[in-house]
Amino acid sequence: MGRLSARRARIVGGTAQDKDRLVDHRQRWIELVDLINTARQQYYGADHPTLSDAEYDTLFRELQDLEAAHPELAGGDSPTQTVGGERAGMFAPVEHLERMLSLDNAFSSAELEAWLGRVRKDLGHLPPLLCELKIDGLAVDLVYRDGRLVSVATRGDGRVGEDVTYNARFIPGIPQQLTPTAGLPVPELLEVRGEVFFDKAAFEEMNAEMLAAGRTPFANARNAGAGSLRQRVDRREEELALAEATTGDTARGAAKLARLRADLDRSIQRLGRLRLTVHGVGRTEGWRPATQSEAYAALAAWGLPTAATAVVVADDGELTAYVEQYGAQRHGLDHEIDGVVVKVDDIATQGRLGATSRAPRWAIAYKYPPEVVRTRLTDIEVNVGRTGRVTPFAVMEPAQVAGSTVSMATLHNANEVRRKGVLIGDLVFLRKAGDVIPEVLGPVVEERDGSEREFVMPTHCPACGTALAPEKETDIDIRCPNVRSCPAQLRERVHHVGARGAMDIEGLGWKAAVALLECGLVADEGDVFALTAADLATCPFFTRTDGELTANAEALLTQLEAAKDRPLWRGLVALSIRHVGPTAARALAARFRSLSAIRDAGLAELAATEGVGPIIAEAVGEWFAEEWHRDVVAKWEQAGVVLAEPETEQLPQTMAGLTVVITGTLTDFSRDGAKEAVLARGGKVSGSVSKKTDYVVVGDNPGSKAEKAADLGRPILDEAGFVRLLAGDEP
C-alpha cells in the first residue's frame, strides 16, 4: 500500500499533462469495471449472459494491462482480483472446503502456445498434460464423507456457493453413495468438482415442452441447466403437502392441486434430465492422488461420472491433434462444448505452478472460434439502464446461430457502432462469441444497395425526453441525467432491488417491477418494502380473476418480509450506488457495520477501506449527497429493513502489526481460510515475500516463496507453528 500511496502522491503533484492522462486512464478503468461486473452478474447471477466470452476476455485483458501500467487504479474490488459470480440468497450458503477458481482463456493457437511457453519457463520443461472437453454447463462442488454424499453446491463466488443438495437427489448421474473397490477404499473426505448440464436431445425436448405450454424457452443449454438446478423443489413439495392438507373438496381446490402437482412433476423431470461430469478434486482426507488422470480413474471406479474423452498428451503435437480433433467433431457430440481444457497432469507440479487470485497457472481453457452467419440488421435501438447509461443494440432478422435463434445483439455505445462500420439495413456478419452471446462483427459491404442509413445516437432520452450527455467530458457513454424520475431508470432500479446479487427477492422480477410502477403502488425503490396485501390487491398483475392474490403475489410479500433482515452488504448493492458491487459492499459493511456510519464517513475514510479506493468512495459520497437518496433509505428503515450488521464478538487481535505470506497446501486450512484467520486477528496477508514479511507459512508443495523466504532470512512456520501464532503463543 505504501508504494501505491507514493505513486498517487507523485501523480497528484505532477504536471497538468500527467493529471490529464490519469483522468483518461481512470475513466477507462471505470468503464471496464462497469462492463465486466455487469457481465459477471448477468452470467453467474441471472443465468442471462450479455457479453460474449471473447468480448469479456478482451475487456478483462485490457483492464489487466491498464492496472499493470497504472497500479494506483487497482484495488481489491477490481475484477482482476476476484472470481466472478455471487451466491444467491434463495439457497442456504455452503462454504467450499477448497476455493473454486476460474480458468484463464486462450482464444487462438498463439495464446495457447504462449501459455505453454510460460509453463516451460517456470518448470524448465513441458510436463505431461491432461486434455478434456470444456462442457458449457454449471460448475458444482460435491462433498462425500465416508463415501456418502453430504452436500452439493454451485460455485458462487468461488468461496461460498448455493446449497442445491436437495435437488441433486433427483439427478441420476450424482451417486448418493460411493462404491469402494478392491485395493481402492473410499476416502474419509472427498471434495470433487464437476459440471451439470443438459445434453442436446434433453435440451431440445425441454424447450419444445415449454413452447407447447406457452412458456419462454431457454436461450441455450447452459442457462437451462443453471435454471433447472436452482429450482426450489423442496418448497414446491411443501406447498403441495400444505395444499393437500388444507384444500377443500371443491372444483377450485382440485384445480389448484392439479396445478401444484404438475409444477412439481415438471421440476423433478427437468432435474432428472440433467447430467454430471466431474473434472476436478478439492480437499481430500485418506487419499492423495499423484496425477489428475489417476484421480479421474479413482473417481470413475467409485461410481462418479468422468469423461471418456479425457486423455494425457506428452507434447505440443499431441495437444494440437486433440484440439483439432474435437474442433472438427464438436457439433457431432451429444452435448455442447465451447472448447478444450488443458491441465498439467502431475498434482505436485500444479502446486508448484500455483495460482493467481482468480485462476490456476497450471490450467487453461482453449475456446473454439464461434459460428458466424449473415443476417439483415433492420434497426438500431437504445436501452436506458438503472444508472442512466444509454446503450444501443442491434435488431436483426432472426437467424440460427450455434443452435439457437438470434434477433438482437448489444452494440455497447455509439463509438462501437462507428468502429464496426454498420449501417441500418446492412447485411451483417453475426456470431455467437463463445457460442453464447450474439455479436455483430461488421457489415457485408459488397451487399449494400444504397438504401442503408447511418445510426444516429438520440440526443434525448427515449423514456423521459431529457437531454442526454456524458457525465464527464472524457466519458464515452452518454447518460440520462434524470436519475430520479426517468421511467426506464426507475424500472431498472426497482427490479434491481430484488436481484440475486442485491436483496435476492425472487418474486420481484422484471414484470412485477413494471406492474408496481404502472399501478402506482410504488413511486420509487424506497416504497418496495412497505407494500401490503391490500396494495397488491388493487393491481391486476397480482390478482386472479376472482380478485384473490396470485401465488406469486403472496410469495412476493413473504420474500419482502424475509429480505428486511438481509446482511447490510446486500442493502448497499440494492441501493444502486454506482460502482458498488458485492465485493465493495462487503468491505464497507465489514468496516463500518451500519449504513448510517457509511453515510457519515469522509471520503478519505471510505477510500482507505480495503477493496474500495477513491473511485468507489467518491461514488458513495455523491450518492448520499442527494436528498432523495437519503429519503429512500429512510423509507426502508421505516418499513423495518435492518441496515446494520449484528453485534459480534471480536477475536483477540493476536496478529496485529504482523504481515504473513502463506504458500503451499495446509491440512486444516484452505488458502482463503488461513487468510481470513489472519485478517480476523488484525494481521495482514501478502502475496509476495519481502524483507518486511514477518512470517512465511509453508504447507505442502510450497513453490518459490519458501525459497525466497530462506534467501531473505524470514521466519518460516509449518502449520503447527501457524496455529500457535494465531493463538498468540510463541510459534
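Okay, let's start at one small spot: Arg145 has a bridge partner in β5, and that partner is Arg148. I should say right away that this is a predicted model. So, that pair of arginines belongs to β4 and β5, which pair in the antiparallel sense over six bridges. The two strands make a hairpin with two residues between them, and one of the residues to look at there is Asp146, which takes a positive phi near 55°. As for β5 itself, five of its seven residues are buried, so to speak a mostly covered strand.

Now let's zoom out from the hairpin. Where do β4 and β5 sit in their sheet? The order is β5-β4-β7-β8, four strands in an open sheet with antiparallel pairing. β5, residues 148-154, and β8, residues 275-285, are at the edges with a single partner strand each, so each has one side left without a neighbour in the sheet. From one strand to the next, the twist averages 25°.

Inside that sheet, β4 covers residues 138-145 and β7 covers residues 189-197, and eight bridges join these two antiparallel strands. If you want a residue pair to find on screen, take Ala139, which stands opposite Glu195 in β7. There's a helix to add here as well: α7, residues 221-229, lies across β4, β5 and β7, and runs at about 45° to β4.

Okay, a quick look at the whole protein before we go on. The secondary structure comes to 26 helices and 20 strands. There are 731 residues in the protein, and buried ones make up 50% of them. And if you take the contacts with a separation of 6 or more, 68% of them are between residues 24 or more positions apart.

Next up, a pair of helices. α8 is residues 233-246, and its axis comes within 10 Å of the axis of α9, with a crossing of roughly 155°. How do the two helices run relative to each other, roughly parallel or roughly antiparallel? An angle over 145 degrees counts as roughly antiparallel, and α8 and α9 are therefore roughly antiparallel to each other. The crossing of α8 past α9 is left-handed.

Who's touching whom in there? On the α8 side the contact residues include Val233, Arg236, Leu240 and Ala243, and on the α9 side they include Leu257, Leu260, Leu264 and Leu271. Those four α9 leucines are also on the list of buried residues of α9, along with others including Gly253, Ser267 and Arg270.

While we're on α9, here's a little check on its length. It has 23 residues, 251-273, and at 1.5 Å a residue it should span 33 Å; the end C-alpha atoms are 33 Å apart, which agrees. You can do that for α22 too, residues 613-625: its 13 residues reach 19 Å from first C-alpha to last, close to the 18 Å expected. The buried residues of α22 include Ile615, Ile616, Val620, Trp623 and Phe624.

Back to strands for a minute. β13, residues 390-401, has nine of its twelve residues buried, so it is largely enclosed by the rest of the structure. Its antiparallel partner is β14, residues 404-410, and six bridges hold the pairing. One of those pairs is Val401 with Ser404 in β14.

There's also a parallel sheet to see. Four strands form it, open again, in the order β18-β17-β19-β20. Here β18, at 684-686, and β20, at 716-717, are the edge strands with a single partner each, so one side of each has no neighbour in the sheet. β17, residues 659-663, pairs with β18 over three parallel bridges, and Val660 has Val685 as its bridge partner in β18.

Last stop: two loop residues with unusual labels on my plot. His579 is not a glycine, yet it has a positive phi of about 75°. You'll find His579 in the loop between α18, 568-574, and α19, 582-592. Is His579 buried or exposed? Buried, because its relative accessibility is 15% and the cut-off is under 20%. Arg593 is the other one: also not glycine, with a positive phi near 70°. Arg593 sits in the loop between α19 and α20, 595-600, and at a relative accessible area of 32% it is partly exposed.

Definitions and conventions: Residues numbered from 1 in each chain as written. Predicted model: local features only at pLDDT ≥ 70, side-chain atom pairs only at ≥ 80, totals over all residues. Heavy atoms only, no water. Expected span 1.5 Å × (residues − 1). Buried < 20%, exposed > 50% of the residue type's maximum accessible area, 1.4 Å probe, protein only. Pairing = 2+ DSSP bridges. Axes fitted to C-alpha atoms, helices over the stretch in contact; angles between N-to-C directions. Parallel < 35°, antiparallel > 145°, perpendicular 65-115°, else oblique. Left-handed = near helix turned anticlockwise from the far one by under 90°. Contact = heavy atoms within 4.5 Å.
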